[in-house]
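Me: Please take a close look at one part of the structure shown below, and then set that part in its surroundings. I should like a single connected account.

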Amino acid sequence: MPYIPRQLRYTQEHEWVSLEEDGMATIGISDFAQGELGDIVFVELPQEGDKLVQMESFGSIEAVKTVSDLFAPVSGDVVAVNHQLVDAPMLINDSPYDDGWLVKVRLHDPRELERLLTAEQYGEQIGQSD
Amino acid sequence: MVDFAGWSMPLQYDGLIKEHERVRSAAGLFDVSHMGELFFHGSGALATLDNLATNDVGALTDGQVLYTPLCNDAGGVRDDVLVYRMDAAHFMMVTNAANTAKILAWSRQHLQPGTQLEDGSEDVALLALQGPRSSEILRRSRLLAPWAQRVGGLAYYHFVPGAEDVLCVSRTGYTGEAGYEIYVRPRLAGDLWDDLCTQGSDLGLGPAGLGARDTLRFEVGFCLYGNELTEDASPLETGLSWTVKMNKPRFIGREALALHRQQGVPRQLIGFEMEDRVIARHGFEVTADGRAAGVVTSGTFAPTLGRSLGLALVQRADAAARLHVVVRGRDVPARRVALPFRASLANT
């Protein structure tokens, strides 16, 4: 069964966001999403300095069988990109919440987080309840 | 699991790339029971099949298998099938699941006198054992023991008839590796699956799904119906000229294909590699020097080769031009690559 960490917030499009201190946030895709995509072979990500807008596409993930757009859970300035994914995109499959993170952003508006799903709500959305 | 032509099919078991590599390096077991099996019997069976097929069914000997397109009158492909010759009056045709009903009806329309046609699709299950260790695993099988000796010496595209719940075992496949396809009654399929898995587990055998089946066939340049092959493209355009036997006096589509051959085909199937880290998917547009040139028929990340490759049906005049594939609104350059991307080892 896919793992859904309780402390994260989620989008309906299967991205997660982790709020850190000093207004920074890390973004990735959920365990459920990586399982549905299967083997990931390419990741298209923004660059440091780019701006994300909540719920707008900020890149894409190519798995062998399918491609999926990435949607920003929050608006913010990209301060770091996981460059390891260029050579090792399967880190997302192996470790979606840790080594497979996508980007770090400086939040524009922390209140945007309130529009996201809690772990419990996300679990219900993917048909999983605890 | 995915829905595929009305069948619930495993897209993958424990990971597409892992399953793909398993077939290249050891062996994989596929449940491809969705394939259709049509049986042609009687004194007219050979004439019926030879009229439907572009390839030469008349050249088959007992125990031999033939790959052939079945064309429409315009030379487009209705299906690509295998024809098994049991004897002069008994043949089995193996169709793609999505085309079985269509080909059954088409065959009925074109039955020659003295032919009986029977749809056995619901009564035949099919397991494909593929990979360099497949022969070793097959020889260990408990359920196939009576045939193991004869199967061991089988030449490519030949088969050994079975008995009771085993219809036949052929040296065929869709992966570009040595392997076998085993036609059995559905009631035996589960036991045979377990038998082969048990016998092969220490040799690296594991299950393989539809996803790996597609990437495996793609790397060795085998056409897929619905992608490279359609009612609107002729076998002469899709690299299957070797299956069109113009020395046969008649078969459906012959006139159109003769004209194609005489005038040169308008399109050509080409291979390409993406020059960026994206995948060209089925249906993406291909441009040549900025003009529309054709369409991607299949494209994926080829696991064994580690490259983003594709097949495209393009205007012949554009085949040598500077090509781009339109990926999500962006023109991504693509470099021509000779086909097949990887040589098939099936006949080794």
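Reply: Two residues are said to be in contact if their C-beta atoms, placed from the backbone, lie within 7 Å. Helices (H or I, at least four residues) and strands (E, at least two) are DSSP runs, numbered from the N terminus. The model is predicted, so local features need pLDDT of at least 70 and side-chain atom pairs count only at pLDDT 80 or more, whereas totals for chains, interfaces and linings use all residues. Residues are numbered from 1 along each chain as its sequence is written, and chains are lettered from A and ligands numbered from 1 in the order in which they are written.

The part chosen is helix α2 of chain B, which runs over residues 45–52 and is mostly covered. Of its 8 residues, 6 are buried (20 or more other C-beta atoms within 10 Å of the residue's own; exposed means 12 or fewer, partly exposed in between; C-beta atoms are placed from the backbone). The buried positions of α2(B) are Ala45(B), Leu46(B), Thr48(B), Leu49(B), Asp50(B) and Leu52(B). Their cover includes four strands of chain B, namely β4 (36–41), β5 (64–71), β6 (77–87) and β7 (90–95), together with helix α3 (100–109).

Within this helix, Leu49(B) deserves separate attention. Once neighbours within four places in sequence are set aside, Leu49(B) is in contact with Phe40(B), Val57(B), Val83(B) and Phe91(B). Leu49(B) also belongs to the largest nonpolar core, a set of 125 residues (buried Ala, Val, Leu, Ile, Met, Phe, Trp, Tyr and Cys residues joined through C-beta atoms within 7 Å). The members of this core that touch the most others are Leu49(B), Val83(B), Leu129(B) and Val169(B). Both domain 1 (2–216) and domain 2 (266–348) of chain B supply residues to the core, which therefore lies between them.

Leu129(B) leads to a second helix. Leaving aside neighbours within four places in sequence, Leu138(B) is in contact with Leu129(B), and also with Leu144(B), Ala148(B), Val151(B) and Tyr180(B). Leu138(B) lies in helix α4 of chain B, residues 134–140, and counts as buried because 24 C-beta neighbours fall inside 10 Å. Its C-alpha atom is 8.3 Å from that of Gln199(B), although 61 residues separate the two along the chain.

The domains themselves, whose bounds come from an automatic or database domain assignment, are domain 1 (2–216) and domain 2 (266–348) of chain B. Their centres, taken over C-alpha atoms, are 29 Å apart. The contact between them takes 11 residues from domain 1 and 10 residues from domain 2. On the side of domain 1 that touches domain 2, helix α1 (residues 16–25) of chain B gives the most, with 4 residues. By class, that side of domain 1 has 3 nonpolar, 5 polar and 3 charged residues (Ala, Val, Leu, Ile, Met, Phe, Trp, Tyr, Cys and Pro are nonpolar, Asp, Glu, Lys and Arg are charged, and the others, Gly among them, are polar).

Taken as a whole, chain B comprises 8 helices and 19 strands. Its radius of gyration is 20 Å, close to the 20 Å that the globule rule gives for 348 residues, so chain B is as compact as a globular protein of that length (the radius is taken over C-alpha atoms, and the rule is 2.2 Å times the number of residues to the power 0.38). The C-alpha trace of chain B spans about 60 × 50 × 35 Å along its principal axes. Buried residues account for 46% of the 348 residues in chain B. Of the contacts in chain B between residues at least 6 apart in sequence, 70% join residues at least 24 apart.

Two backbone details of chain B may be added. The peptide bond from Leu339(B) to Pro340(B) is cis, with omega near -5°, and Pro340(B) is placed in the segment after β19 (330–337). Tyr157(B), which is not a glycine, has a positive phi of about 60° and is found in the loop between α5 (145–152) and β10 (159–161).

Finally, chain B touches a partner. The contact takes 8 residues from chain A and 12 residues from chain B, and the chain A side divides into 4 nonpolar, 1 polar and 3 charged residues. Chain A has 4 helices and 9 strands. The model scores ipTM 0.85 and pTM 0.93.
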